[in-house]
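Trainee: I would like to learn how to read the inside of a protein model, starting from a helix and going on to cores and empty spaces. Could you guide me through an example?

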Amino acid sequence: MDENPYRKLADRLNALPNGFPPAPDGAELRLLAKLFTPEEAALAAQLRMTRETASQIAGRVGGDPQALRKQLKNMASRGLIAAGRAEGGLGYGLLPFVVGIFEAQGDTIDAELARLFEDYYRQSFGQSLQVRPAVHRVLPVGESVRQGLETRPFESVAAILSEAKAWGVNDCICRKQQALIGKPCGHPIDICMVVSQTPGAFDNSTEVHALTLDQAMATLRRAAEAGLVHSVTNNRKGVWYICNCCTCGCGVLRGMAELGIANVVAKSAFVNTVDESLCSACEDCLDVCQFGALTMDGVVHVDAVKCAGCGLCVPACPQGALGLVRRDEVVAPPVDERGWMEERRRLATD
């Protein structure tokens, strides 16, 4: 295998704010070689994050625009690069590996790709999870916030759904990947949600199952009932997906459970509190908490540092002793994805 185009693409992906750190044994190159031909890797390495038309790309890198357009269209259909509106027509651009290229393999992932990703994950993926701001931000289960407390739209997963114009769901690639390496976790697969401000955005999709708003809300409730943590992109505007995560399958939360990264996700604006007069020490809440934030000593105690503010334990308490309140110090996430990238670049170089 000629590693040169894969090395170039790996370096290009690692230069993005999301990161794609190299592995000691070159696992990232084997992963890219599974997905890209050498020619595709060489082309992808020359793309920009800002989308360009095939003619514009040909003008920069050379080649016949028609042949290049066909190649780019094929790569976009396989989730290897981004495609969408650009000045001058349909544009193409570079995708991060996570969140991006890997998640787009949900319909085609096989045992080989699952093993290659696991090899890379174990060696190097944790490096990108340690850079701040975090990739994901936790949002609380709606009914877990104590009554009377103000919740801003970007702090509420239900508000994000209500403000969208189109909704969809697809399979969780993290749980599919774990099942393919012999580690199924038992949580629902068909639970990863996407939203759009374009009405009917998913109606003709072959990858996303379109939902109504009511169906999207029902999917959200199903996720919460299964004990899954709602998490979204770590910015206030432009949220386009809602992951429903677990420490046994999710590539991000596994960073905490298996790689020992404490602040693997940005916490919600809320933290759990206990009404000790109501707590019966039944321990039902301990079984639900995925962050190890609850302990029992006659009554339940909350470690505010570990608590991510997901609120999953609140409806699990039969006595109603738990509830989320606003944290004393709340750090607002970056305004949009561009702001997140700029902050990530700044902190990565500090």
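Mentor: We shall go through a helix, the nonpolar cores, the cavities and a pocket in turn, keeping in mind that this model is predicted.

Trainee: Which residues of helix H1 are buried?

Mentor: The general idea comes first: an α-helix has 3.6 residues a turn, so residues three or four places apart point the same way. In helix H1, which spans residues 4-14, the buried residues are Pro5, Tyr6, Leu9, Ala10 and Leu13. Looking down the axis of H1, you find these buried residues within an arc of 135°, so they line one face of the helix.

Trainee: What do the buried residues of H1 pack against?

Mentor: They pack against three helices, namely H2 (27-35), H3 (38-44) and H6 (97-101). Leu32 gives you a detailed example, for if its neighbours within four places in sequence are left aside, Leu32 is in contact with Tyr6, Leu9, Ala10, Leu13, Phe20 and Phe97.

Trainee: How many residues does the largest nonpolar core have, and which of them have the most contacts inside it?

Mentor: To read a core, follow buried nonpolar residues whose side chains are joined through atoms within 4.5 Å. The largest core here has 70 residues, and those with the most contacts inside it are Leu9, Leu13, Leu32, Phe36, Leu72 and Phe97. Helix H7 (residues 111-129) supplies the largest share of this core, eight residues. There is also a second, separate core of 16 residues, which includes Leu139, Val169, Val195 and Val232.

Trainee: How many cavities of 30 Å³ or more are found in the whole structure?

Mentor: A cavity is a space from which a 1.4 Å probe cannot get out, and the search finds three of 30 Å³ or more. The largest cavity holds about 90 Å³ of space, and its lining, which includes Cys289, Cys307, Cys310 and Cys313, divides into eight nonpolar, three polar and no charged residues. The second largest cavity has a volume of about 60 Å³, and H7 gives the most to its lining, with three residues.

Trainee: What is the volume of the second largest pocket, and which residues are the closest to its centre?

Mentor: A pocket, unlike a cavity, is an open space, and the second largest one has a volume of about 570 Å³. Of the 25 residues that line this pocket, Asn234, Ala266, Lys267, Val331 and Ala332 are the closest to its centre. Strand E3 (136-139) and helix H14 (337-349) are the elements that give two or more residues to the lining, with the largest share, three residues, coming from E3. By class, the lining of this pocket has 15 nonpolar, three polar and seven charged residues.

Note on methods. Residues numbered from 1 in each chain as written. Predicted model: local features only at pLDDT ≥ 70, side-chain atom pairs only at ≥ 80, totals over all residues. Heavy atoms only, no water. Buried < 20%, exposed > 50% of the residue type's maximum accessible area, 1.4 Å probe, protein only. Helix = DSSP H or I, 4+ residues; strand = E, 2+ residues; numbered from the N terminus. Arc of directions from axis to C-beta. Contact = heavy atoms within 4.5 Å. 1 Å grid on protein atoms, 1.4 Å probe; cavity = no way out; pocket = protein on both sides within 12 Å on 5 of 7 lines; lining within 4 Å. Points joined across faces, edges and corners; volume = space filled by probe spheres on them. Nonpolar A, V, L, I, M, F, W, Y, C, P; charged D, E, K, R; others polar.
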